[in-house]
Amino acid sequence: MERKSTKIVVFGILFALFVFSSANAEASPKKKLDGFWGIPWNVSAKEAAKLMEKKNATLLPFQNDENSLKYSGTFGGKEAEITLSFIEDKFCIGTVKYPKAEEDFVSTYQATKSNLIKKYGSVDKESKISAALDDINSYGHNITSVLLGVMLTEGTLYANWVFDDKNFICLSAEPSYAIKVTYSNKKLLDEKSAKEEQEILEDF
């Protein structure tokens, strides 16, 4: 009888722990992408420029317009071109571009992907070539940058992270050997698309 009551108590404790952990999991905050490089979405170009003054980046004065601010600097320990894009003076896209570098193209892509996984978790969607690079490396084989460059066309090498607030990060590569990381605010992009569609329809 004593053994039976002990089992009931143990079972009760385990059940309580399960319910508590489940409740905590449901109550845990959703994963969000609030901005790029410490710059919140929706801030004005003027506000974003002030925040960028604290970064290791130099404004490129002759390459800017009312919709973008372009910088050269260091991002993730590598020289990069950094662009902030705006819709109606609201910050909506941050882009990091590592200029073409054939010799370390594959390693740069893989290292960048690895860093994004460490910070944001597993990839939500990626191209077959992107996933294949992991398999090739895990078997101790290497694919040369030149060979990969021959294989590449626009959109064949990418990995995406999608957040609970629908914002997303896209790691991609271009046939020119440039590697890009794009941080995007989906709501602002959708609003822009809807407005442009409405303007087109008004013509009819």
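These questions and answers concern a predicted model.

Reader: In what order do the eight strands of the open sheet run?
Author: The sheet is open, and its pairing is antiparallel. S3 and S7 are the edge strands, since each pairs on one side only. The order is S3-S4-S5-S6-S10-S9-S8-S7.

Reader: How many bridges join S4 to S5?
Author: The two strands run antiparallel. One bridge pairs serine 68 with serine 85 in S5. The count of bridges between S4 and S5 is eight.

Reader: Which residue in the hairpin of S4 and S5 takes a positive phi?
Author: The hairpin has two residues between its strands. The phi in question is near 65 degrees. The residue is glycine 76.

Reader: Which residue in S4 is the bridge partner of threonine 58?
Author: Look at S3 and strand S4, residues 68-75. They run antiparallel and are joined by three bridges. The partner of threonine 58 is serine 72.

Reader: Which residue in S9 stands opposite tryptophan 161?
Author: Strand S8 covers residues 158-162, and strand S9 covers residues 168-173. They pair in the antiparallel sense over five bridges. Opposite tryptophan 161 stands isoleucine 169.

Reader: What is the distance between the end C-alpha atoms of H6?
Author: H6 has 17 residues. At 1.5 Å a residue, the helix should span 24 Å. The model agrees with that expectation, and the end C-alpha atoms are apart by 24 Å.

Reader: Which residue caps the N-terminal end of H6?
Author: The contact reaches the backbone nitrogen of lysine 187. A side-chain oxygen lies 3.1 Å from that nitrogen. The oxygen belongs to the cap, asparagine 185.

Reader: With which residue does lysine 195 form a salt bridge?
Author: The closest N and O atoms are 2.4 Å apart. The pair links distant parts of the chain, 107 residues apart: lysine 195 is in helix H6, and its partner is in the loop between strand S5 and strand S6. Lysine 195 is partly exposed at 44% relative accessibility, whereas the partner is exposed at 56%. That partner is glutamate 88.

Reader: Is lysine 113 buried or exposed?
Author: Its side chain meets that of glutamate 126 in a salt bridge, 2.7 Å from N to O. Lysine 113 lies in helix H3 and glutamate 126 in strand S7, so the bridge ties together parts 13 residues apart in sequence. Glutamate 126 is partly exposed, at 27%. Lysine 113 has a relative accessibility of 3%, and under 20% counts as buried.

Reader: Which residues are linked with Glu174 in a network of salt bridges?
Author: Start with glutamate 174, which is buried at a relative accessible area of 13%. Its side chain meets that of lysine 180 at 3.5 Å, N to O. Lysine 180 is partly exposed, at 25%. The residues linked with Glu174 are Lys97 and Lys180.

Reader: How many salt bridges does the structure hold?
Author: Among them are the pair of lysine 195 and glutamate 88 and the pair of lysine 113 and glutamate 126. Glutamate 174 and lysine 180 form another. The total for the structure is six.

Reader: What is the area of the nonpolar surface patch made by Ile200, Leu201 and Phe204?
Author: Phenylalanine 204 is found in the segment after helix H6 (186-202). Phenylalanine 204 is exposed, because its relative accessible area is 83% and the cut-off is over 50%. With Ile200 and Leu201, this residue makes a patch of about 400 Å².

Definitions and conventions
Residues numbered from 1 in each chain as written. Predicted model: local features only at pLDDT ≥ 70, side-chain atom pairs only at ≥ 80, totals over all residues. Heavy atoms only, no water. Patch = residues over 30% accessible without salt bridge, like charges linked within 9 Å, V, L, I, M, F, W, Y side chains within 5 Å. Areas by Shrake-Rupley, 256 points an atom, 1.4 Å probe, with all protein chains shown as cover. Salt bridge = Lys/Arg side-chain N within 4 Å of Asp/Glu carboxyl O. Helix = DSSP H or I, 4+ residues; strand = E, 2+ residues; numbered from the N terminus. Buried < 20%, exposed > 50% of the residue type's maximum accessible area, 1.4 Å probe, protein only. Expected span 1.5 Å × (residues − 1). Polar contact = N/O pair within 3.5 Å; in protein donor to acceptor, adjacent residues only side chain to side chain. Pairing = 2+ DSSP bridges.
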